[in-house]
Every structure is written in structure tokens, then in C-alpha cells.
Amino acid sequence: MKKTILSIAACVMAMAASAQIFSIQSTQKLPVPQGTEWRVAGFSPAGDYILITDDTNSGLVRMDLANYATNVITTAPGAGWAVQISKDGQEVVYRETVVG
């Protein structure tokens, strides 16, 4: 019984030690490109840019949060689904849907 309680306590302490606490300082609306509905597909690890995609997950656009400059990464269908960004923020891995 003691081993079970100690194991549970160790797990709880490990989860509490690895938790991160965020506090929101401010919010603002981003100037996204006009003409479609956009959603955030990913955040860079450093928080300096985001990846946005349209409401059908087609295409991927990188938006620099310092000056709101945008750069189209791809227009591939399905690219906005389950995007992965490398730890250094230099590489983006995305899917591409091919029909036919």
C-alpha cells in the first residue's frame, strides 16, 4: 500500500514540476490577409511568428509577429492540418492532400 501511495505521489509531483504557467499580458487582432477566413495552424517555439491557414486547411502562410509581414510557404491543399515546426523554428513540416 505504501508503494502505491508513494508512486502516485511521485507521479503527481513530476506532473506539477513540469507544468508551465502562462499569463496573458494583452490581446490584439492580427492584420491577416483579406478575402478568406483564417485560423492559426502553429506557433513558432520562440513565439516570433505564427503559421496561418484558411478554413479548409489549404495553404500555409508565415506571419512575423514583429512587423506582421507575411510569406506564403505553400498553397497545397491540406497543408494546414497537423503542422510541425522544428525546435529552432527554421523548418516547417506539413501535409499535402493529393486527389486523383
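Modeller: Accessible areas here come from the Shrake-Rupley method with a 1.4 Å probe. The model is a predicted one.

Colleague: What percentage of the area the protein chain exposes do carbon and sulfur atoms supply?

Modeller: The protein chain exposes about 7900 Å². Carbon and sulfur atoms contribute to that area, and their part is 58%.

Colleague: In what order do the elements of the protein chain run from the N terminus?

Modeller: The protein chain has one helix and six strands. The helix leads, and the strands follow it. Written from the N terminus on, that gives α-β-β-β-β-β-β.

Colleague: How much of the protein chain counts as buried?

Modeller: Buried means under 20% relative accessible area. The protein chain has 100 residues. The part of them that counts as buried is 22%.

Colleague: How many residues of strand 2 are buried?

Modeller: Strand 2 spans residues 49-54 and is mostly covered. On one side Tyr 49, Leu 51 and Thr 53 are buried. On the other side Ile 50, Ile 52 and Asp 54 are buried too. The count for strand 2 is six of six.

Colleague: Which residue of strand 2 is the bridge partner of Gly 42?

Modeller: Strand 1, residues 38-43, runs antiparallel to strand 2. Five bridges join the two. In strand 2, Gly 42 has as its partner Leu 51.

Colleague: And which residue of strand 3 is the bridge partner of Leu 51?

Modeller: Strand 2 and strand 3 are also antiparallel, with four bridges between them. Leu 51 is one of the buried residues of strand 2. Its partner in strand 3 is Arg 62.

Colleague: Which residue stands opposite Leu 60 in strand 4?

Modeller: Strand 3 covers residues 60-64, and strand 4 covers residues 70-74. They run antiparallel, joined by four bridges. Opposite Leu 60 stands Thr 74.

Colleague: Take the hairpin of strand 1 and strand 2. Which residue there takes a positive phi?

Modeller: Five residues lie between the strands of this hairpin. The positive phi is near 80°. The residue is Gly 47.

Colleague: Which residue takes a positive phi in the hairpin of strand 2 and strand 3?

Modeller: Here, too, five residues lie between the strands. The phi value is near 65°. It belongs to Asn 57.

Colleague: What is the phi of Tyr 68, in the turn between strand 3 and strand 4?

Modeller: Strand 3 and strand 4 form a hairpin with five residues between them. Tyr 68 sits in the turn, and its phi is positive, at about 65°.

Methods:
Residues are numbered from 1 along each chain as its sequence is written. This is a predicted model: local features need pLDDT of at least 70, side-chain atom pairs count only at pLDDT 80 or more; totals for chains, interfaces and linings use all residues. Side-chain values use heavy atoms; hydrogens and water are left out. Two strands pair if DSSP finds at least two bridges between them. Buried means under 20% relative accessible area, exposed over 50%, partly exposed in between (1.4 Å probe, protein chains only).
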